[in-house]
Amino acid sequence: MLEQSLKGQKQKHFSMRDPLTNCSYNRVYKNLKEFSQNGENFCKQVTSILQQRANLDFNYAKGLQKLAIKLSKALQNTKKNYVISAWAWVSEGMKSAADLHQKLGKAIELEAIKPTHQVLSVHDKKRKSFDNEVEKTANLFISNWNQQIKAKKKLMVSTKKHEALFHLIESSKQTMTDREKQKLLNKLKKSAEKLAKEDEDYYQKNMAGCSIRVKWENTLENCYQSILELEKERIKLLCNNLNQYTQHISVFGQTLTTCHTQIHGAISKIDVEKDIQALMEETAVSSTENKSELLLTDYFEEDPNNAMNKERQRSSIKSKLLRLQKDIEKASRDQEGLERMLKAYSNNSFSDPESQKSTAALMDETSLKLDLLQANAYKLSAVLAELEQRPQPSHPCSNSIFKWKEKQQTHSYVRLSRPFLMKRSENIVRRTSSSGQSNPSSSATGDIVTVHKKHEEGWWFGSLNGKKGHFPAAYVEELPSNTSCTGMSQDSQQPTLNTL
């Protein structure tokens, strides 16, 4: 699906099927699941091979034991001499070798095959549980998404009926009796009460979508971390099986020394932590690809072709903007309070890590909710500005709002850039703990940053003190061209910024 940023009211309409289909969280989780499934299949193949090896050792030991007994009986009927004594050592050697193979087969079964079967069985149950949790929360999000669309359709129909009734009363004032007029006014009052109730229900479902989205993402994060732990356990199991195998093989003597050295050398290079880190890098996606899609509220009053009186249209939009503004102010206060709490945690070496983590998660949810509220407010403000013939307002989210048409309905949604879910809480804590400023980078207030590239999603690429990287545009201010810093670096001719 081609994505095109929208400017003002010139927005691209296209169809969508599922809000989770192209989500980066799903890709990360599925990548890890695929890796985990391949690892499980490898474990099963290795276990099958070890079982065949154990069976071979049992059969070889059984056959060698029979030959040792036959040779021993043959020696009993023969007079002892130097040659016979030598063959007696051969018989004992066969018995010893048979005993070694028998012990090796049992060791492989008890120390490798049985533990591996047990671990794989437990892992399979846990993975099914993780999949059920992810599917459950995903279904909740899809259900809320559909409920929002259903509630919106219901609100639109009720609004149209209410407006039709209102126009009927207005146009028939001169021809109706007082009784008829009072009857229609009572009906209009009930219609207005019903409309207000449906409007509130639609709004609450839209707000609930934020919490459900965060819950789904947190479930993915928890299941992702849990599967990583299972993979770590599986890798350790394979490493342990290798160690046990080489220890038993080494007792067979010098003939297997070369093989043992090679295997032992490979084992000595195993680093479980590095394997897990490499796995995370392979299955991760770029943080710049990570965007959360949330439905925006769409109202009848926003349609430029509706039959509403312009004054009533403006009044209705202003009342909705007032509600949004109150929620925005409350969310901003909540965000400031959570930032103070996180700063206090970072300055206290005895703070509870779990409390800090839960506060950071709440901070993330509040920030997402604030972004959604501001996007809704911007969209309504743009409509109001057009009605009042004022210049269009500006907002960072203006290029992140999209529309798609479904049958007779047009839906709006916002695509918000967010830190990668596995790093989000860590970034929030680090940002609030850096000198009391919301600066996630290692720069200090007053540092001059050279900008190399500006991205529309609000993350820019620049350099500071010889180091290059991405940083949020909200944490810097662009210097004017007539400052002592010249506003442009002479060698790269890139704009310079002052960190806030």
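The following paragraphs describe a predicted model, moving from a long-span helix to the nonpolar cores and then to one loop residue.

Helix α2 comprises 90 residues, running from 82 to 171. The distance from its first C-alpha to its last is 131 Å, close to the 134 Å expected at 1.5 Å a residue. The helix nevertheless contains a kink of about 30°, and glutamate 109 lies at the centre of that kink.

Helix α2 also takes part in the largest nonpolar core, being among the elements that each supply at least two of its residues. The others are α3 (178-250), α6 (310-347), α7 and β3 (409-417). This core holds 30 residues, of which Leu372, Leu373 and Val414 touch the most other members. The greatest contribution comes from α7, with ten residues. In soluble globular proteins, nonpolar side chains tend to be buried together.

The surroundings of leucine 372 may be considered in detail. When residues up to four places away in sequence are not counted, leucine 372 touches Asn206, Met207, Cys210, Leu294, Leu295, Leu296, Val414 and Leu416. A second core, separate from the one described above, has 26 residues, including Tyr25, Val134, Leu220 and Cys223.

The last site is serine 400, which is placed in the loop between α7 (353-387) and β2 (401-406). Is serine 400 buried or exposed? Its relative accessibility is 15%, and because buried means under 20%, serine 400 counts as buried. Apart from neighbours within four places in sequence, serine 400 is in contact with Tyr413, Val414 and Arg415. Val414 thus appears again: it is one of the residues that touch the most other members of the largest nonpolar core.

Conventions. Residues numbered from 1 in each chain as written. Predicted model: local features only at pLDDT ≥ 70, side-chain atom pairs only at ≥ 80, totals over all residues. Heavy atoms only, no water. Helix = DSSP H or I, 4+ residues; strand = E, 2+ residues; numbered from the N terminus. Expected span 1.5 Å × (residues − 1). Bend = angle between axes of the 7 residues up to and from the residue. Buried < 20%, exposed > 50% of the residue type's maximum accessible area, 1.4 Å probe, protein only. Contact = heavy atoms within 4.5 Å. Core = buried A, V, L, I, M, F, W, Y, C linked by side-chain atoms within 4.5 Å.
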